[in-house]
Amino acid sequence: ETPAGEYYISISEYSFMGIIKLDANGNILWNKKLTGPRGGPKCPGFCTEVTSSGGCISSLKDENYETIINLAPDGSLLWSRSFTDFSYRWTKSIKSDNLGNFYIMGTYGNMGATFIQKMDASGNLIYAKNISGTISYEDAFVSNTNELFILSETPVLKLSKIGATGNIAWSRGIGAVSTSSLYSNSTYFSKTTNASINFIVGMDDSSSVIFKFSGDPSELCNSY
């Protein structure tokens, strides 16, 4: 949802990605068909997020490339960037910070390890990193002070704080939460009205767990 109460819907098809913008009453404002600059036959979309300007930024596959496309609120193209994809990257989410930077995150490789790609507001690459020892990316959030936190799967659920250059400031296993039976995409950050507090929610086939988290790793010992 945009600050003006408008919405973006992304549609993924084998050969293109569709973006539809709706007003607050559900009326179509515009729609776009997106493909990568190479025009390959395989261009499915991954995800779309609202930008601070009220536009949207999207990620799609372009054969052996990953393409990031940033659109203005009226649907016009601001910029597009492509990166060679050697390890089967699948973008799961895009987040932004208060400085206008974007974080493109997801999994890569046969085992689905976690990757992070940071870009500035103009689409310039700042860094590309991976979190070793992970099985799959789950979710992320950016704090009010522009700190990035990522949830990923290992033999236990792991929360990592990412530094300004993409280094891992710290990683913590969350309690004794095993990820062996977690439902796919069932672990996520849930924001509250207090912007400094988030809840980490996880569900498997027998139980659910909630952790309160406001940036202090010692909180990860206490579940609800």
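This report describes the sheets, cores, salt bridges and aromatic pairs of a predicted model.

**The sheet of S1, S2 and S3**

Towards the start of the chain, three strands form an open sheet in the order S1-S2-S3, and their pairing is antiparallel. S1 and strand S3 (28-34) are the edge strands, each having a single partner strand, so one side of each is left without a neighbour in the sheet. On average, and with direction ignored, neighbouring strands of this sheet are turned by 15° against each other. Between S1 and S2 the antiparallel pairing runs over seven bridges, and one of the residue pairs is that of Ser12 with its bridge partner Met17 in S2.

The segment before S1 contains Thr2, a residue that is buried, with a relative accessible area of 6%. When neighbours within four places in sequence are left aside, Thr2 is in contact with Tyr8, Val50 and Gly54.

**The sheet of S8 to S11**

A further open sheet consists of four strands in the order S8-S9-S10-S11, again with antiparallel pairing. Its edge strands are strand S8 (90-96) and S11, each of which pairs on one side only. Neighbouring strands in this sheet are turned by 20° against each other on average, direction ignored.

S10 takes part in two of the pairings described here, and the table sets these beside the pairing of S1 with S2.

| Strand pair | Sense | Bridges |
|---|---|---|
| S1 and S2 | antiparallel | seven bridges |
| S9 and S10 | antiparallel | seven bridges |
| S10 and S11 | antiparallel | six bridges |

Strand S10, which covers residues 113-119, is mostly covered, for seven of its seven residues are buried. Ala113, Phe115, Gln117 and Met119 point one way from S10, whereas Thr114, Ile116 and Lys118 point the other way, and all of these residues are buried. Individual positions show how S10 is matched to the strands beside it: Tyr103 has Lys118 as its bridge partner in S10, Ile104 stands opposite Gln117, and Gln117 in turn stands opposite Ala128 in S11. The hairpin of S10 and S11 has five residues between the strands, and in this hairpin Gly123 takes a positive phi near 90°.

**Nonpolar cores**

The largest nonpolar core has eleven residues in all, namely Tyr103, Met105, Ile116, Tyr127, Ile131, Tyr137, Ala140, Val142, Leu148, Ile150 and Ile162. Strand S9 (102-108), strand S11 (125-131), S12 and S13 are the elements that give two or more residues to this core, and the element that gives the most is S12, with three residues. Apart from this core lies another one, made of ten residues, among them Ile57, Phe102, Ile104 and Met119.

Tyr103, one of the residues of the largest core, has a long list of contacts once residues up to four places away in sequence are not counted: Tyr103 touches Ser93, Ile94, Lys95, Asp97, Gln117, Lys118, Tyr127, Val142, Asn146 and Leu148.

**Salt bridges**

The structure holds two salt bridges. In one, Glu6 is joined to Lys21, with the closest N and O atoms 3.1 Å apart. This pair links distant parts of the chain, since Glu6 lies in the segment before strand S1 (7-13) and Lys21 in strand S2 (residues 16-22), 15 residues apart. Lys21 has a relative accessibility of 3% and therefore counts as buried.

In the other, Glu147 is joined to Lys161, and here the closest N and O atoms are 2.7 Å apart. Glu147 belongs to the loop between strand S12 (136-142) and strand S13 (148-153) and Lys161 to strand S14 (residues 156-162), so the salt bridge ties together parts that are 14 residues apart in sequence. With a relative accessibility of 28%, Glu147 counts as partly exposed.

**Aromatic pairs**

Four aromatic pairs are found in the structure. One of them is formed by Phe149 and Trp170 and is tilted, with 6.1 Å from centre to centre and 50° between the planes. Phe149 lies in strand S13 and Trp170 in strand S15 (residues 168-178), so this pair ties together parts that are 21 residues apart in sequence. Phe149 and Trp170 are both buried, and together with Phe141 they form one aromatic cluster.

Notes. Residues numbered from 1 in each chain as written. Predicted model: local features only at pLDDT ≥ 70, side-chain atom pairs only at ≥ 80, totals over all residues. Heavy atoms only, no water. Salt bridge = Lys/Arg side-chain N within 4 Å of Asp/Glu carboxyl O. Buried < 20%, exposed > 50% of the residue type's maximum accessible area, 1.4 Å probe, protein only. Pairing = 2+ DSSP bridges. Axes fitted to C-alpha atoms, helices over the stretch in contact; angles between N-to-C directions. Contact = heavy atoms within 4.5 Å. Core = buried A, V, L, I, M, F, W, Y, C linked by side-chain atoms within 4.5 Å. Phe/Tyr/Trp six-rings, centres within 6.5 Å; stacked < 30°, edge-to-face > 60°.
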